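Please prepare a report on the two-chain model shown here, written for a reader at the bench who wants the computed details and the cut-offs behind them.

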Amino acid sequence: MFTKSYGSLPASCKITKPGFFLGSHILSNRGITTSNVSQNSDPENASATPAPRIKFKRLDKTARHIMQILDREAVEEVRTQREIPDIRPGYIIQLRLEVPENKRRVSTVKGIVIARRNAGVNTTIRLRRMVAGVGIESLLPLYSPNVKEIEILDKKKVRRAKLYYLRDKMNALKK
Amino acid sequence: MIQPQTHLNVADNSGARELMCIRIIGASNRRYAHIGDVIVAVIKDAVPNMPLERSEVVRAVIVRTCKELKRDNGMIIRYDDNAAVVIDQEGNPKGTRVFGAIARELRQINFSKIVSLAPEVL
């Protein structure tokens, strides 16, 4: 049942990914010892207590999972404070931005969303608008505390997630 | 990212229409210029009957670039063209009007006169 050869890894040892070979030598040693113990005790206990498996979680996977949870919590926290509507490319929206450089909040920004990048709390949208005859693209973090209010004015039908072709077409889908 | 041989639009009414960058003022061997940097430029195209003429060497400050300008609050601004405002040795603009949107960063670099003339400050 359990192979006792030193070089190979016993079947009872749980190996998660082949890349984790470095640590699994240590695991395999420990795995061998416990499986020996259980082998002796197994014929005695007819009740099926299976051989204790040693499970090791990959630490980087655990860390990534914790980061995901933290990210989701941060997004939830921002959503409870402010109402942020669902914004997709092709929407024409109007934002109220607060500019902290000793000015009052004013700054209404109105433009068409040409891209949206989902990254948890750092979700950004790209807005394109015409200001004083010059085309301007701004990249704004959606959950930034400077963004005070978002209002959707219009929704255009687009067949794409990133509308970079509008850079050549300037006036096609107006601000 | 403006470098020598870059053509820039002119964002004021000083008489020039297009500039070509020759040199970036600042540290020697500086590769690129961004918004707020002063460059030496030659006038490639000018409006007739104005004090500034073609193939005159002037100084200019860059006000708009196609390369993004990053801010500390995570916002990034990207214009659709490269543009500059012609200035004199002290940093005062030679023209009387400025066209197009100007970035707010120019105020910190002591170009407040240009910022005050701007129709829209971003």
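Two strands are taken to pair if DSSP finds at least two bridges between them, and the strands themselves (E, at least two residues), like the helices (H or I, at least four residues), are DSSP runs numbered from the N terminus. This is a predicted model, in which local features need pLDDT of at least 70 and side-chain atom pairs count only at pLDDT 80 or more, while totals for chains, interfaces and linings use all residues. Residues are numbered from 1 along each chain as its sequence is written, chains are lettered from A and ligands numbered from 1 in the order in which they are written, and side-chain values use heavy atoms, with hydrogens and water left out.

**Strands of chain B**

In chain B, β1(B) and strand β2 (residues 16-24) pair in the antiparallel sense over three bridges, and within this pairing Asn9(B) has Glu18(B) in β2(B) as its bridge partner. The two strands form a hairpin with five residues between them, and Gly15(B), which lies in the turn, has a positive phi of about 120°. β1(B) is also joined by two bridges to strand β7 (residues 83-87) of chain B, and here the strands run parallel; Val10(B) has Ala84(B) in β7(B) as its bridge partner. In a regular strand the side chains alternate between the two faces of the sheet.

**A sheet that spans both chains**

An open sheet is formed by seven strands in the order β5(A)-β1(A)-β2(A)-β3(A)-β4(A)-β6(B)-β5(B), with antiparallel pairing. At its edges stand β5 (147-155) of chain A and β5 (69-70) of chain B, each with a single partner strand, so one side of each is left without a neighbour in the sheet. β5(B) is joined by two bridges to strand β6 (residues 76-79) of chain B, which runs antiparallel to β5(B), and Lys70(B) has Ile76(B) in β6(B) as its bridge partner. Between the chains, four bridges join strand β4 (residues 134-141) of chain A to β6(B), again in the antiparallel sense, and Ile136(A) stands opposite Tyr79(B) in β6(B).

**The interface**

The contact (heavy atoms within 4.5 Å) takes 20 residues from chain A and 18 residues from chain B. About 1,500 Å² is buried between the two chains, and carbon and sulfur atoms give 55% of this area; buried area is the accessible area (1.4 Å probe) that two parts lose on being put together, summed over both. Arg78(B), Asp80(B) and Arg104(B) supply 36% of the area that chain B buries against chain A, more than any other three residues.

Two salt bridges are found across the interface, a salt bridge being a side-chain nitrogen of Lys or Arg within 4 Å of a carboxyl oxygen of Asp or Glu. One of them joins the side chains of Arg78(B) and Glu137(A), at 3.6 Å from N to O. On the side of chain B that touches chain A, β6 and α1 (105-108) of chain B each supply at least two residues, and the largest share, four residues, comes from β6(B).

**Chain A and a buried threonine**

Chain A has three helices and five strands, which follow the pattern α-α-β-β-β-β-β-α along the sequence. Of its 175 residues, 31% count as buried, where buried means under 20% relative accessible area, exposed over 50%, and partly exposed in between (1.4 Å probe, protein chains only). Thr123(A), found in the loop between β2 (108-117) and β3 (124-131) of chain A, is buried, with a relative accessible area of 3%. A polar atom of the Thr123(A) side chain lies 3.4 Å from the backbone nitrogen of Ala119(A). Leaving aside neighbours within four places in sequence, Thr123(A) is in contact with residues including Arg116(A), Leu140(A) and Tyr143(A).

**Positive phi in chain B**

Two residues of chain B that are not glycines have a positive phi, Gln5(B) and Ser55(B), and the table sets out their values.

| Residue | Phi | Place in chain B | Relative accessible area |
|---|---|---|---|
| Gln5(B) | about 85° | segment before β1 (7-10) | 58%, exposed |
| Ser55(B) | about 55° | loop between β3 (38-46) and β4 (57-64) | 52%, exposed |

How values were computed. A polar contact is a pair of N or O atoms within 3.5 Å; within protein, one must be able to donate a hydrogen and the other to accept it, and residues adjacent in sequence count only if both atoms are side-chain atoms.
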